[in-house]
Structures are given as C-alpha cells and as structure tokens.
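Hi there,

Here is the structure we talked about, ready for you to open and turn around on your own screen. My notes on what turned up follow below it.

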Number of protein chains: 2
Amino acid sequence: MTESEVSDDTEAAIVEAAYRALCANGYADTTISAIAAEFEKSKSLLYYHYDDKEALLEDFLRFMLDRLESDLTATADGDPEERLWAVLDRLLPPELDEEGMRFRRALLEIRANAPHSETFHERFSRSDEVILGLLADALRAGTETGVFRPVDPEETAEFLYATAYGGLERAVTLDDPETVARTRRAIRRYLNDCVRET
Amino acid sequence: MTESEVSDDTEAAIVEAAYRALCANGYADTTISAIAAEFEKSKSLLYYHYDDKEALLEDFLRFMLDRLESDLTATADGDPEERLWAVLDRLLPPELDEEGMRFRRALLEIRANAPHSETFHERFSRSDEVILGLLADALRAGTETGVFRPVDPEETAEFLYATAYGGLERAVTLDDPETVARTRRAIRRYLNDCVRET
C-alpha cells in the first residue's frame, strides 16, 4: 500500500482496525479476518489492498513509526532533559493501562518475529535509529550547553534505550506494570546522579 | 515430569534434544516431533512422558533455570564486581556465536508467550528473582565493604538487569551481536563512573 493507493481516511481506518485486533488477540492470533472484523468500512476494501496480515502489519508499523517520528521531532528542541523524557515517556509511559500493555505486548511479539521478516526487520531497525538519534541529539545538546556532563552521546543513548526497552519488555512479559514505574525511577536517578552536571 | 519419574540420564537427553530443536527451529516451529527427531533415545520414551511441547518446555525451563541458579550461586562470594559480571556474562555473553543467538532468540520467544501460560510465567518470574537477588546481593556486599558507593541495591539491580535484558533483546531481534558488545561497554562505564567508589 502506498499513500497514493488509499485515502488517508481509509488508511486511518485500517490502522485503527489493526490496533484493535492486536490489542484483543495478540500478534499470533491476529489474522487478516480478525482485522477485517474490526474494520469499520467495507471488508472488501481491506481484502482488496492486502493478501495477508504480514503485508498489512508492515504498513501498520510504517504508519505508527511515522507518527512516532513526527510526534517526537516536534519536541526536538527545548530543555535537553525534557527532550530525553519525551522519548522515554513513549518507551515507558508513566500511565500504562491494560490496553496499552496489550498493545505493547503485541508489538514485542511482532518484533520477536523481526529476524524472520526482512520488512519487519527494516521497520524496527529504523525505529531504533530514530529513537537512538533523538536521545543522542538531546544528550549532545545538554553536554554542549553544560547542563549534562561530557558523556558519550551515542553510548549513553544506547544505554538508556536498552534500559527502557528491557524494563518495558520485563513489565509486559511478566504482566507487571509496576516494573515500568520502577524502571522510570531508576532511569531518573541515573540521569540525576550520572548525567546531569552538578 | 518429576525427578523420580525419569532418570537423570533421560532428563539430560530430553534437555539436549529440546535445546537443539529450539536452536534449529525457534519456539513457534519447535513441535514435540521436532524435539523427538533430536532425541537420541527411544522416541516412545519421550512421548510417554509428554503430551505436548508446552509441558516439555516447562520442564526444560526448570532444568535450565536450576542450572543457572547453581552455576551462579557457586560464584556468590569473592569480589563484588566479579560477582556482578558473573551474572552479566550469563545475560550478555562476551562471545555469542550463531547458536547462542538462536538459543536466546527461542528463549525470548518463549518468554513473549509467558503471559499466556501460568507455568511459563512462574518460571520466568522465578528466574528474574534469582538474577535480581544475585545482583542485589553483590551490590550490597560492595556497598558494605566500601568498594561501591551507597547505592540502593534493589533499584540498581533492577536497573542493571533491565539494561542487560534490553541490550540482549535488541541484539537478538535485530540479529546484531555487536549490540551485546556495545551494551557490555556501556554497563562497564556505568559501573566505573556511577557505582564503584572513587
């Protein structure tokens, strides 16, 4: 599916249907007919565009990633620590309800399948690059203005991302949202004690 | 399967077969017949003990976890930083070959299924507790002897585990072993700069 093939309206409806189907069923049980069941327009429109769920979910990931990128780029100036937290809040939301947990579980299940799919792999590589780039830019800005210590921006970005990612993954696989809150507190302490200039 | 039901020898052969099947096929495609195909003893012995792959993999996880626990408990004295690295080396091995990557990918796929299975959930909760406990004990020992700063042992253990877990998961899902090496370097810098007493 390219942007010229479907209207924005139809694309939004497909994305919404895929989101609901993933939250309700998880990745393994999200079939194309499960997505069609959540689709508010003509089912034939959906089947016309997609042969299988992989193709649909590839577009779904591209859409979600474009949105993440444009949301985060919008906050890419201002206080360096706020910029770091704008990214960290997306990775480890301060409020994560049952639906949010289910959606992230589905995303991690898709990601676990990334090595088997070139397109999934490409999508997640790109999302990692965007996230690492935004974190590194914020760290670089902070070291340049002297609010952060002279840390290595790329290494510290990767360290923060690994921590946030691991905290989220543990929370989701153990079905324990408290792990998200504890990881946020530990990251906050790390930024206070080891990154912020005293 | 309880220890009284099968000989150690048979259990070891079953574990070995499950390990090979998971490395070769990943979790989703590891059927009980795929495990039987790797089993060096009579196939009927395996089918006698297990009805399905879930029951077999539950025992496999228990076995692997008992081994991890006894290996790590053996190193649970000595230099606190060496004790931390004994755990971190298991999470983020300094040398991770193709087979090691495949095995960890299969483990993470099983873990992604943990919310759907009470026993998987219990196994991974327990392994997390063991790992967090060993990290926190090493941190506590280091703060008591003054080689570490007075960090919060539990919070720092969780922070280190989240980082190691996230680094491994990113490496495995992107099929990029270099991520493991970079995460190890970032953790080493964190321990040097923020945990070790100067």
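**Glu155(B) and its partners**

Glu155(B) is a residue of helix H8 of chain B. Please keep in mind as you read that this is a predicted model. Is Glu155(B) buried or exposed? Its relative accessible area is 17%, and buried means under 20%, so Glu155(B) counts as buried. Setting aside neighbours within four places in sequence, Glu155(B) is in contact with Arg185(A), Ala186(A) and Arg189(A). With Arg189(A) there is also a polar contact between the side chains, at 2.4 Å.

**Where the two chains meet**

Stepping back to the whole interface, 35 residues of chain B are in contact with 35 residues of chain A. The area buried between the two chains comes to about 3100 Å², and carbon and sulfur atoms give 60% of that.

How many salt bridges are found across the interface of chain B and chain A? There are eight salt bridges across it. In one salt bridge, the side chains of Arg182(B) and Glu158(A) meet with an N to O distance of 2.9 Å. The search across the interface also gives 13 residue pairs in polar contact, with both residues at pLDDT 80 or more.

Which elements of chain B give two or more residues to the side that touches chain A? They are helix H6 (98-112), helix H7 (118-145), helix H8 (153-173) and H9. H8(B) supplies the largest share of that side, with 13 residues.

**Rings and charges**

If you like aromatic residues, there is something here for you too. Searching the whole structure turns up 14 aromatic pairs over all chains. In one of them, Tyr190(A) and Tyr190(B) pair edge-to-face, with 5.8 Å centre to centre and 65° between the planes. Why does this pair join two chains? Tyr190(A) lies in helix H9 (residues 178-195) of chain A, while Tyr190(B) lies in helix H9 (residues 178-195) of chain B, so the pair links one chain to the other.

Tyr190(A) is buried, at a relative accessible area of 9%. Tyr190(B) counts as buried as well, at 8% relative accessibility. Ring pairs also link Phe159(A), Tyr190(A), Phe159(B) and Tyr190(B) into a cluster, which is a good place to point your viewer.

Charged side chains sit over rings as well. In chain A, the charged end of Arg188(A) sits over the ring of Trp85(A), 4.3 Å from the ring centre. In chain B, Lys53(B) lies over the face of Tyr27(B), at 4.1 Å from the ring centre.

**A loop residue in chain A**

One more residue to look at is Asp175(A), found in the loop between helix H8 (153-173) and H9 of chain A. Asp175(A) is partly exposed, with a relative accessible area of 40%. Which residues is Asp175(A) in contact with, leaving aside its neighbours within four places in sequence? They are Met101(A) and Arg105(A). The side chains of Asp175(A) and Arg105(A) also make a polar contact, at 3.2 Å.

For a sense of scale, Asp175(A) and Lys53(A) are 122 residues apart along the chain, and their C-alpha atoms are separated by 26 Å.

Happy browsing, and do write back with any questions.

Best wishes

Conventions: Residues numbered from 1 in each chain as written. Chains lettered and ligands numbered in written order. Predicted model: local features only at pLDDT ≥ 70, side-chain atom pairs only at ≥ 80, totals over all residues. Heavy atoms only, no water. Phe/Tyr/Trp six-rings, centres within 6.5 Å; stacked < 30°, edge-to-face > 60°. Helix = DSSP H or I, 4+ residues; strand = E, 2+ residues; numbered from the N terminus. Buried < 20%, exposed > 50% of the residue type's maximum accessible area, 1.4 Å probe, protein only. Lys NZ or Arg CZ within 6 Å of the ring centre and 35° of its normal. Contact = heavy atoms within 4.5 Å. Buried area = accessible area lost by both parts, 1.4 Å probe. Salt bridge = Lys/Arg side-chain N within 4 Å of Asp/Glu carboxyl O. Polar contact = N/O pair within 3.5 Å; in protein donor to acceptor, adjacent residues only side chain to side chain.
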